[in-house]
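I opened this notebook to record what I looked up, one topic at a time. The entries follow the order in which I went through them.

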Amino acid sequence: MIYVDNSATSYPKPKSVLETVINVISNIGGSPGRSAYRTAIELGRIVFETREKIASLFNIKNSNRLIFTSGTTESINTVLFGLLNSGDKVLTTSMEHNSVMRPLRFMEKNCGIKLDIVRCSPEGEIDLDLFSNKLKNNVKLVVINHGSNVIGTIAPLDEICKSVKKYNSLILVDAAQTAGIYPIDVEKIKLDFLACSGHKGLLGPQGTGCLYIRDNISIRPLKFGGTGSNSESDEQPEFLPDRFESGTLNAPGIAGLGAGVSFVLEQGVEKIFEHGTLLVKRFLDEILSNKKIKVYGPKKPDKMLPIISFTIDGYDSAAVAHRLSDEFDICTRVGLHCSPWAHKTIGTFPSGTIRVSFGYSNTTEDVDNILKALNVILNKNKL
Ligand SMILES: Cc1ncc(COP(=O)(O)O)c(C=O)c1O
């Protein structure tokens with residue numbers, strides 16, 4: 001099988017992730033941080049170490065400001081519902097995923113927030129002047145997709161953050177596609193909130209994710225309940241991470257995430273990004289020369305994520321994706337990728353595109369085999 005749906009979720013996971021999850025479930029029983037017996041303490045330590053590893057990856061000084069969630073969606077919802085009040089203005093872009101657009105639309109309709117959307121170019125790029133101008137409008141929160149899950153465009157976070165700080169707004173970055181794949185330094189660019197999936201570039205199991213909340217920012221929790229701390233009180237603890245981690249933590253998942261992040265730290269994010277660049281270049285060099293194939297997005301291998309969307313003239317994208325799967329065992333993702341706004345921006349709504357997203361374990365041979373399969377489908381030659 002050739003798996004090129006890493007933007008949805010990474011596969012395969014490093015062997016250490018599997019071994020860690022199996023070891024926790026098999027040998028380390030108990031609820032992390034909840035009891036005094038040996039294995040509960042051991043699990044608490046594993047959760048703490050994962051927090052520390054993720055903090056070091058993003059240069060987060062105080063790992064208590066990093067909370068575990070089930071993924072980027074929960075992280076984003078935590079910020080939006082915890083921060084915003086009626087009358088607050090939110091600025092976002094036309095490249096956002098439904099995990100941003102749906103809660104924002106809900107809050108616009110039901111909670112009285114005001115939403116402004118900056119239209120990006122068909123390559124997914126933000127007009128920074130237009131964006132800064134809109135910031136003059138007393139914006140409470142900016143929500144930005146760091147890396148497009150449809151076409152791989154990387155948002156210029158440095159410039160965006162400078163403007164956001166100039167106008168005293170807050171910024172929430174959706175790093176679902178960039179965490180573990182492209183460098184992020186929360187201190188350097190002074191991010192307020194960073195939402196990440198654990199199961200994509202951080203190589204952990206599904207159902208894992210995290211949210212960074214800058215010091216001195218106070219928001220309401222999304223969930224209330226048992227935290228194993230301040231148990232005598234009916235009130236939710238004020239301190240982090242407990243304030244946002246009600247209920248038994250997904251300890252096997254978090255342990256696996258820790259193993260995934262260790263792998264990323266050992267390899268180095270830069271090296272992982274370079275590997276993606278190599279694969280994108282090889283793929284684009286070939287398909288851009290094919291007049292029947294239309295590629296969307298920046299088409300600059302060293303300045304984009306390893307995510308390529310394309311359509312084929314005269315071919316139904318869903319049918320092509322099915323043939324790639326059925327005849328060649330190649331796993332792509334077809335359709336709107338939960339991002340109808342992004343597809344409207346690039347001009348592929350409502351039919352969508354075929355998306356190939358490479359991961360750390362894909363090889364140049366995988367690229368060549370996908371290209372050969374596409375050629376067969378296009379009746380150019382036979383395998
Ligand atoms: C840009 C973007 N944001 C948010 C999400 C949602 O992530 P999760 O499934 O971890 O909640 C995704 C997932 O594909 C994504 O690509």
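**Ligand site**

I began with the side chain of Asp-174, where an N or O atom lies 2.7 Å from a nitrogen atom of the ligand. Since I am working from a predicted model, I keep that in mind for every distance noted here. I then turned to the oxygen atoms of the ligand, and found one at 2.7 Å from an N or O atom in the side chain of Ser-197, and likewise an oxygen atom of the ligand at 2.8 Å from an N or O atom in the side chain of His-199. Next I looked up how far the protein covers the ligand, which taken alone exposes 390 Å², and noted that the protein buries 86% of that area.

For the surroundings as a whole, I listed 14 residues around the ligand, of which Thr-73, Asp-174, Gln-177, Ser-197 and Lys-200 come nearest. Sorting the residues of this shell by character, I obtained one nonpolar, eleven polar and two charged.

**Cysteines**

How many disulfides does the count come to? I found zero disulfides under the distance rule I applied. Cys-210 is in no disulfide, and the nearest cysteine sulfur, that of Cys-196, is 4.2 Å away, whereas a pair must lie within 2.5 Å to count. I also noted that Cys-210 counts as buried, at 1% relative accessibility.

Why does Cys-331 have no bond to the closest cysteine sulfur? That sulfur belongs to Cys-338 and is 18 Å from the sulfur of Cys-331, so the two are too far apart for a bond. Cys-331 itself I entered as partly exposed, with a relative accessible area of 21%.

**Cavities**

My search of the whole structure found three cavities of 30 Å³ or more. The largest cavity holds about 200 Å³ of space, and 19 residues line it, with Asn-6, Ile-181, Phe-358, Gly-359 and Tyr-360 lying nearest its centre.

Definitions and conventions
Residues are numbered from 1 along each chain as its sequence is written. This is a predicted model: local features need pLDDT of at least 70, side-chain atom pairs count only at pLDDT 80 or more; totals for chains, interfaces and linings use all residues. Side-chain values use heavy atoms; hydrogens and water are left out. A residue is near a molecule or strand if one of its heavy atoms lies within 4 Å of it. A polar contact is a pair of N or O atoms within 3.5 Å; within protein, one must be able to donate a hydrogen and the other to accept it, and residues adjacent in sequence count only if both atoms are side-chain atoms. Accessible areas come from the Shrake-Rupley method with a 1.4 Å probe; for residues, only the protein chains shown count as cover. Ala, Val, Leu, Ile, Met, Phe, Trp, Tyr, Cys and Pro count as nonpolar, Asp, Glu, Lys and Arg as charged, and the others, Gly among them, as polar. Buried means under 20% relative accessible area, exposed over 50%, partly exposed in between (1.4 Å probe, protein chains only). On a 1 Å grid over the protein atoms alone, a cavity is a set of points where a 1.4 Å probe fits but cannot get out, and a pocket is an open set with protein on both sides within 12 Å along at least five of seven lines; lining residues have an atom within 4 Å of a point. Grid points are joined across faces, edges and corners, and a volume is the space filled by probe spheres set on the points.
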